[in-house]
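Dear colleague,

I am handing over the structure we spoke about, and below it you will find what was found in it, with the terms explained along the way.

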Amino acid sequence: MLGKTYLTKQASLLMKFARTTSDSELSAKLISKAADLKALADPMPDRDQGPMAPDVSPD
């Protein structure tokens, strides 16, 4: 499963590309895809909540 950090970074890159293109149709599609990725990322926890490796002590 993709993590929140990855999805957020991808959405940010799509927004950056959308701002740099002069094609308004392409820009709208990129913004729409960025919104989809953000919607997937929002409900995810900010940090990995998976089990810790056996050699890692909790903070």
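Angles between axes under 35 degrees count as roughly parallel, over 145 as roughly antiparallel, 65 to 115 as roughly perpendicular, and the rest as oblique. Please keep in mind that this is a predicted model, in which local features need pLDDT of at least 70 and side-chain atom pairs count only at pLDDT 80 or more, while totals for chains, interfaces and linings use all residues. Residues are numbered from 1 along each chain as its sequence is written, and side-chain values use heavy atoms, with hydrogens and water left out.

Helices H1 and H2 (DSSP runs of H or I, at least four residues, numbered from the N terminus) pack at an angle of about 165 degrees with their axes 8 Å apart, the axes being lines fitted to C-alpha atoms over the stretch in contact, with angles from 0 to 180 degrees between N-to-C directions. H1 and H2 are therefore roughly antiparallel to each other.

The largest nonpolar core has 9 residues, among them Leu7, Leu37 and Met44; such a core is a set of buried Ala, Val, Leu, Ile, Met, Phe, Trp, Tyr and Cys residues joined through side-chain atoms within 4.5 Å. Leu37 also touches Leu7, Gln10, Ala11 and Leu14, not counting residues up to four places away in sequence, where contact means heavy atoms within 4.5 Å.

Asp36 lies in helix H2 and, at 41% relative accessibility, counts as partly exposed, that is, between buried (under 20% relative accessible area) and exposed (over 50%), with a 1.4 Å probe and protein chains only. The C-alpha atoms of Asp36 and Ala11 are separated by 8.3 Å, although these residues are 25 apart along the chain.

Best wishes

Definitions and conventions: Helix = DSSP H or I, 4+ residues; strand = E, 2+ residues; numbered from the N terminus.
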